[in-house]
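Reader: I am new to this structure. Could you walk me through it, one question at a time?

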Amino acid sequence: MVRVVIPVLTERAYIGLKIKGYVSITPDVNELVKKADLEGVDTVWHRFQYQQPQCGFGLTGVCCRHCNTGPCRVDPFGYGFPTGTCGADPDLIASRDLLDLVVHGATTRLQEALIMINTARAVAEGRTKDYVLKNPERLHELADTLGLKAENDLDLLGSLVDLLETEIHRLTDEPLQTALKLVPEEIIEVWEKNGLLPRGFSRELIDANYRSNMGTDSDPISVVKQAIRISILDGLLATFTTTIMDEILLGDKTPGKGRSGLGIISPDNVNIFIRVMPVFAGKIKMAAQDPELLEMARKAGAKGISVIIPSGNMIMQELPIITGLTEVMVVDHQCIYPHIVEIARKYHTKIVIVDPVAKLPGAIHMPMTPENASSVAKEIVRLAIKNYANRKPEKIYRPTHVSEFTTNPTLNGLKKAFGGSFKPIADAIRDGSIKGVVVMHHCTNPKVKHNYGHYTIAKKLIENDVLVFTMGCSMMAAALTGLAKPESIRLAGKGLMRLLAAFNLPPVIPLGPCVETTRELLILYEISRELGAPLNKAPFAASAPEWMNGKALSAVLYYMAHGLLSHVGTVPQILAAPGVEKFLTEEMEKITGGRLVIEPDPETAADIILKHLEKRRLSP
């Protein structure tokens, strides 16, 4: 096989090439971006560069497209007219856009929840052999919490599905039942007092679209509060459903050993990269172990079949194609760049989309359902084996970076790893051994150097005795940079090192994909109970250093609603809306105890988080 030789990268501009300097702190990423450059392929970093300079009105949140008298651009600096055609000022324009973005994110999470509900319903009704009830203990825990009873386990699963579906579709004004059953009482009281406790998902979605329409709700703070209610529904109904159904149907997981980095790709194997929900990912992995398919791969000239579940985070999704070693890339709806189809055409990779709703022009659509998941998974593997012979040797590049990490546990799997409860964490906070807990979550963004924000904040926090949990692209940043393996406790402060060494856990603990972000929230609930301290006064904080979409922003808001300082590293589009910015960064703290911190510099952001945790230190 031919290996493309890539010149050593420096911070200086690449002579004659489009990308200037490093785009990432992660090995192999820069090399593959440069390879793409040499081969005339545009990656996300190229496309972002072509957008420069970006529109200042859009960046600061004062471009309005909510009706056809626009688009209106409002000058926030006093040189032009201060409102749009209808009279909407910068705060109203920015608040409507904020609400729309959160609605997009939360409804994406709702679609994921519906996939899991349909799968659970198929199990409860005996309509599928592809999935079973693997974790009745977790089902019973949740049933007890939510007040559900049934004669047998499958009926109990059906009752849980009924409850969740009712909460999703309810149009009446009763408050969200999962919130009333799950959330600490002190938080519920705050939400009720301040009009933040949501109703059913359908009811609040109608309100959201009603409020953001031109000429309806013209109070920016009222509109922002609707975004907060939608975000709470995301965390406690949509993402909650996906999280718990994953645990019930796929079983509890304790921390394990895994490898990340594009170097895990094998040039001798049929390679299938997958970016899909866990409920489908597992079926593809099982199909690749089928003896008949393994024999078919050997006859095609391969040594075996590799199913690679993200070796990197979202922004890296195009790079496995550019290696020239990927036979099939399987995607659903998880932040998929449409341009991957165009890139795949320049190599030999086939793109398969398995989402039952989303479409990707130019890709092969193989929708997965609870009834057909196993058979579709085998079809995908066969497609990859047949495509193995179509590799283009002159375009092959073998990455080398591999980083070991601790694979993500479920909630009960993590409790087991800590000896059966989160009391050791609570004790360490109470006696001052650790300063608190920070949950890091979500995206990567070409606006900033890839993984730098996640790594810098996490490293500084653990050096200062803060336990870090991480999910989604943030989790992969920790894995790729080596912070998510037990050996990295040497980077931790003495107190954190002492806590984790006893359990052989890393200082940054991965908790799974972003589709299950509620797991972080549920863990904070339990640590708070062990502390005997109100959640909104406990030494907890959240950070989304490189966020980029509505799903991430929704999580940012629901952490704030729970009383957490919630940091973002890429700037939201509210900077020309002083009323909205002040409400989120100052006034929210008076209401819930949580506030938004906008700080692009990760070193400074880490300092702000540390000061906040110090202020919330609990007495021994």
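**A walk through the model**

Author: Gladly. This is a predicted model. Met 277 is a place to start: this residue lies in the loop between strand 4 (269–275) and helix 11 (278–287).

Reader: Is Met 277 buried or exposed?

Author: Look at its relative accessibility, which is 1%. Buried means under 20%. Therefore Met 277 counts as buried.

Reader: Which residues does Met 277 touch, not counting those up to four places away in sequence?

Author: Arg 65 serves as a distance check: it is 212 residues from Met 277 in sequence and 33 Å away in space, C-alpha to C-alpha. Contact means heavy atoms within 4.5 Å. With residues up to four places away left out, Met 277 touches Glu 112, Ile 115, Met 116, Thr 242, Asp 332 and His 333.

Reader: How far apart are the end C-alpha atoms of helix 4 (residues 90–124)?

Author: Start from its 35 residues. At 1.5 Å a residue, helix 4 should span 51 Å. The model agrees, with the end C-alpha atoms apart by 50 Å.

Reader: How many residues of helix 4 are buried?

Author: Helix 4 is largely enclosed by the rest of the structure. That follows because, of its 35 residues, the number buried is 26.

Reader: What residue just after helix 4 takes a positive phi?

Author: The phi angle there is about 70 degrees. The residue is Gly 126.

Reader: Which residues have the most contacts inside the largest nonpolar core?

Author: That core has 173 residues. Apart from it lies another core, of 38 residues, with Val 29 and Tyr 397 among them. In the largest core, the residues with the most contacts are Trp 191, Ile 380, Phe 469 and Leu 584.

Reader: Which strands stand at the edges of the open sheet of six strands?

Author: The sheet has the order 12-11-10-13-14-15, with parallel pairing. An edge strand has a single partner strand, so one side is left without a neighbour in the sheet. Those at the edges are strand 12 (508–510) and strand 15 (595–598).

Reader: Which residue in strand 14 stands opposite Ser 543?

Author: Strand 13 (residues 540–544) and strand 14 (residues 565–568) run parallel. Four bridges join them. Opposite Ser 543 stands His 567.

Reader: At about what angle does helix 21 (residues 518–531) run to strand 10 (436–440)?

Author: Helix 21 lies across strand 10, strand 11 (466–470) and strand 13. Its angle to strand 10 is about 170 degrees.

Reader: Is Lys 537 buried or exposed?

Author: Lys 537 is found in the loop between helix 21 and strand 13. Leaving aside neighbours within four places in sequence, Lys 537 is in contact with Arg 616 and Leu 618. Its relative accessibility is 56%, and exposed means over 50%. So Lys 537 counts as exposed.

Reader: How is helix 10 (residues 220–250) set against helix 22 (residues 550–561)?

Author: Their axes come within 8 Å and cross at roughly 95 degrees. Where they meet, Ala 227 and Ile 228 are among the residues of helix 10, and Lys 551 and Tyr 558 among those of helix 22. The crossing angle makes helix 10, against helix 22, roughly perpendicular.

Reader: Is Asn 408 buried or exposed?

Author: Asn 408 lies in the loop between strand 9 (403–407) and helix 16 (411–417). Beyond its neighbours within four places in sequence, its contacts include Lys 253, Met 475 and Pro 510. The relative accessible area of Asn 408 is 14%, so this residue is buried.

Methods:
Residues are numbered from 1 along each chain as its sequence is written. This is a predicted model: local features need pLDDT of at least 70, side-chain atom pairs count only at pLDDT 80 or more; totals for chains, interfaces and linings use all residues. Side-chain values use heavy atoms; hydrogens and water are left out. Helices (H or I, at least four residues) and strands (E, at least two) are DSSP runs, numbered from the N terminus. The expected span of a helix is 1.5 Å times one less than its number of residues. Buried means under 20% relative accessible area, exposed over 50%, partly exposed in between (1.4 Å probe, protein chains only). A nonpolar core is a set of buried Ala, Val, Leu, Ile, Met, Phe, Trp, Tyr and Cys residues joined through side-chain atoms within 4.5 Å. Two strands pair if DSSP finds at least two bridges between them. Axes are lines fitted to C-alpha atoms, for helices over the stretch in contact, and angles run from 0 to 180 degrees between N-to-C directions. Angles under 35 degrees count as roughly parallel, over 145 as roughly antiparallel, 65 to 115 as roughly perpendicular and the rest as oblique.
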